[in-house]
Amino acid sequence: MEQPILSIIVPAYNIEKYLKRCLDSILNQSYTNFECIVVNDGSIDGTKSICDEYADKDDRVIVIHQENGGLSVARNNAMKKARGKYISFIDGDDYIMETYCETLINLLEKNNADIAKCDYHKGILSDVEDVRIEIVSGKKFTEDLIQDKIGSQLWQYVYKKELWNDIVSPKGRYAQDMMILHEVTNKAKNIVVTNKKLYFYFIDRDDSTSNAGKKKVKGAFDRAIAFKERYIFARKNGYDSQCDFILNKVLEFYNNALTMKKSNEKRFDSDMKILSTFLKENRYKDPRNNRSTKYRFLKLFLEYTPNLYCRMKGDK
């Protein structure tokens, strides 16, 4: 196989119903100079066999079999194997349009950009009539990203691989994309964005994080932790004007987590300690934010008495 220009990374865990559709969409791309690294994350259904089947029939498919370690571990292991100049992440239950790779790589190279981003279909196919292209500085894009004006998912992008040097996906968190995407975009000089929908996001999996009620408490804690990391990033990288917004998001998700959490549930004690300590150590940058009674009293509760606050909210 020739040296690939693009490395496509596909984590796969118990998705035998969807994986063939995903891999077929990749192998049928109009752009062909890529490798597809599929990571079987300890699946116990037919996912492993499908991975091996596709590797046997197309030498662009490279398979990694690992013990179950989660999405971040799968991505990190694939990054170690990736040989391409560019990187793209595709979730194994999603799929991409035929010109996904060709369009985004052309946008990168024609506009001398470091990252290319497309729009996506959410559950149903719905094309746009007026296709637009915009060049945004990495600084401006990151500013919007940490304010949640842009979604934090790693898919729907093609990145220069060098931007990922020294960046590792955090293990064991649902909101891992939220914790690292801004680190990547902040390294970019320019980002080219098109509203053309080239990625299909599948939203109907029964076991997806968004559909599993039992995972909502952990999801809220992880998002609070993710916004804490964004706050620290913002302070270090000159995004001070966004800090108060981010601090409010920490409070909102921490509040949501404690509202849903059982008062006698101990598995989130370490996250509670991390978040309460963070809130004690960080104050609003704009004094006008202290006029918000809601956030002022919420912050005091969550800083000093999160367990009491949880009991007051009542077990759910």
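Lysine 249 and glutamate 252 pair up in a salt bridge, with their closest N and O atoms 3.5 Å apart. That's one detail from a predicted model, and the protein chain around it has 11 helices and nine strands. Here's a quick tour, starting with the whole chain and ending at a patch on the surface.

**The chain as a whole**
- Of the 316 residues in the protein chain, 53% are buried.
- The accessible surface adds up to about 15000 Å², and carbon and sulfur atoms account for 47% of that.
- Take the contacts between residues at least 6 apart in sequence: 82% of them join residues at least 24 apart.

**Helix H3 and what it packs against**
- Helix H3 covers residues 71-81, and its buried residues are Ser72, Val73, Ala74, Arg75, Asn76, Ala78 and Met79.
- Those buried residues pack against four strands, namely E1 (6-12), E2 (34-41), E3 (61-66) and E4 (86-89), and also against helix H6 (176-185).
- Arginine 75 has a salt bridge to aspartate 177, at 2.6 Å from N to O.
- Since arginine 75 sits in H3 and aspartate 177 in H6, this pair ties together parts of the chain that are 102 residues apart in sequence.
- Both ends of this bridge are tucked away: arginine 75 is buried at 2% relative accessible area, and aspartate 177 is buried at 14%.

**Salt bridges within a helix**
- The chain has 16 salt bridges in total.
- Back to the opening pair: lysine 249 and glutamate 252 are three residues apart in helix H8 (residues 243-260), so about one helical turn separates them.
- Lysine 249 is buried, with a relative accessible area of 16%, whereas glutamate 252 is partly exposed at 25%.
- Elsewhere, Arg173, Lys218, Asp222 and Asp271 are joined into one network by salt bridges that share partners.
- Helix H5 (residues 138-146) holds another pair, lysine 140 and glutamate 143, which are three residues apart and so about one helical turn from each other.
- Their salt bridge has its closest N and O atoms 4.0 Å apart.
- Lysine 140 is partly exposed at 40% relative accessible area, and glutamate 143 is partly exposed at 25%.
- As a general point, an α-helix has 3.6 residues a turn, so residues three or four places apart point the same way.

**A nonpolar patch on the surface**
- Phe297, Leu300 and Tyr304 make up a nonpolar surface patch, and together they have about 330 Å² of accessible area.
- Phenylalanine 297 belongs to helix H10, which spans residues 293-304.
- With a relative accessible area of 46%, phenylalanine 297 is partly exposed.

Methods: Residues are numbered from 1 along each chain as its sequence is written. This is a predicted model: local features need pLDDT of at least 70, side-chain atom pairs count only at pLDDT 80 or more; totals for chains, interfaces and linings use all residues. Side-chain values use heavy atoms; hydrogens and water are left out. Patches are made of residues with over 30% relative accessible area and no salt bridge: like charges are joined within 9 Å, nonpolar side chains (Val, Leu, Ile, Met, Phe, Trp, Tyr) within 5 Å. Accessible areas come from the Shrake-Rupley method with a 1.4 Å probe; for residues, only the protein chains shown count as cover. A salt bridge is a side-chain nitrogen of Lys or Arg within 4 Å of a carboxyl oxygen of Asp or Glu. Helices (H or I, at least four residues) and strands (E, at least two) are DSSP runs, numbered from the N terminus. Buried means under 20% relative accessible area, exposed over 50%, partly exposed in between (1.4 Å probe, protein chains only). Contact means heavy atoms within 4.5 Å.
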